[in-house]
Amino acid sequence: MGKIVAVANQKGGVGKTTTSVNLASAVALEGQSVLLVDLDPQGNATSGLGVDTRSVRYTVYNSLIKNAAIDLVRVETAVSGLSLLPANADLAGVEIELAQEDHRERYLKDALGELSDRYDVIFIDCPPALGILTINALTAAKTVLIPVQCEYYAMEGLTRLVSSIERVRQSFNPDLSIEGIILTMFDSRNTLARQVAEQVRAHFKEKVYRAVIPRNITLAEAPSYGRPGILYNAASSGSQAYIALAKEFLAHGEESTRERT
Ligand SMILES: Nc1ncnc2c1ncn2[C@@H]1O[C@H](COP(=O)(O)OP(=O)(O)OP(=O)(O)O)[C@@H](O)[C@H]1O
Ligand SMILES: [Mg+2]
């Protein structure tokens, strides 16, 4: 059975979407079948994969709220082995539409249903908030992958996120665990960035990936061409870092499978 991984951090602009798109692509290019769920009304993962958010007929919103079949919503991408459940601004309505519903944290889990049997990995790109959408992602997921930008308030943000993960684990999803922490947009010339990276490693230890994503122009430019960085320019330092991350991610998965058996 495939693994469902929420890519989450309530802080905005830390590299959630860039990580979702490039890691999902790199894992697919390693031969895995991968689904990326865009759970952000901004639709950045959708447009970053070359799908026009205005012209898509059905989005993840239709699956969540209208029970639309996943097969109606899913689109194939330019990356072989990577499918997408697109999002657009409609998804912003979910917060209000579900406000009075019972079990409102379960809508994504129910919509995904048995889909994890059909994919090796399902990534969920979360919005920058700890609202109902992110809670849905954390309820549907097996693990959480946390992109962290090495800035002054990074540790405070991480502490808040970890306690939210803990709350969801206690209330809705006893199996939820942290997949790993990935340092993003790293600039080794920046002293503060190096210090924050050390703090994060000291605190989260082996949960922090050895691969570090550098600040890299390919990763910033690629979305405007509707392609993942690793297709747009595979040789760039940013693409190479995501390819290294994919290998580490897959190796971790094998380790934890061995632990269970
Ligand atoms: N390693 C990188 N090098 C250079 N630019 C990057 C890198 N990672 C992300 N960016 C750029 O930084 C911005 C924020 O990244 P991204 O959209 O991935 O963050 P996010 O956490 O998904 O944001 P949001 O919270 O709004 O969803 C984007 O313009 C993206 O292209
Ligand atoms: Mg994003």
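Visitor: How do the residues of the lining of the largest cavity divide into nonpolar, polar and charged?
Guide: This is a predicted model, where local features need pLDDT of at least 70, side-chain atom pairs need 80 or more, and totals for chains, interfaces and linings use all residues; side-chain values use heavy atoms, with hydrogens and water left out. Residues count from 1 along each chain as its sequence is written, while chains (from A) and ligands (from 1) follow the order in which they are written. With Ala, Val, Leu, Ile, Met, Phe, Trp, Tyr, Cys and Pro taken as nonpolar, Asp, Glu, Lys and Arg as charged and the rest, Gly included, as polar, the lining comes out as four nonpolar, two polar and one charged.

Visitor: Which residues are those?
Guide: On a 1 Å grid over protein atoms alone, a cavity is where a 1.4 Å probe fits but cannot get out, and lining residues have an atom within 4 Å of a point. β6 (143–149) and α8 (154–171) each hand over at least two of them. The full cast is Asn9, Lys11, Val14, Val148, Gln149, Ala154 and Leu158.

Visitor: What is the volume of that cavity?
Guide: The count gives one cavity of 30 Å³ or more. For the largest cavity, the volume is about 40 Å³.

Visitor: OK, and where does ligand 1 sit?
Guide: A pocket is an open set of points with protein on both sides within 12 Å along at least five of seven lines, and sitting in one takes more than half of the ligand's atoms within 2 Å of its grid points. The pocket in question holds about 470 Å³ of space. Of its 30 lining residues, Gly15, Thr17, Thr18, Met185 and Leu219 are closest to its centre. Ligand 1 sits in the second largest pocket.

Visitor: Which element supplies the largest share of the lining of that pocket?
Guide: α1 (16–29), α2 (44–48) and α10 each put in at least two residues. With five residues, the largest share belongs to α1.

Visitor: And which element gives the most to the shell around ligand 1?
Guide: The shell has 18 residues, the closest being Lys16, Thr17, Thr18, Pro214 and Asn216. By type they split into seven nonpolar, seven polar and four charged. Giving three residues, the top contributor is α1.

Visitor: How much of ligand 1's area does the protein bury?
Guide: Start with the backbone: polar atoms of Gly13 at 2.9 Å, Val14 at 3.0 Å and Gly15 at 3.0 Å each pair with an oxygen atom of the ligand. Taken alone, ligand 1 exposes 630 Å² (Shrake-Rupley, 1.4 Å probe). Of that, the protein buries 80%.

Key
Near = heavy atom within 4 Å. Polar contact = N/O pair within 3.5 Å; in protein donor to acceptor, adjacent residues only side chain to side chain. Helix = DSSP H or I, 4+ residues; strand = E, 2+ residues; numbered from the N terminus. Points joined across faces, edges and corners; volume = space filled by probe spheres on them.
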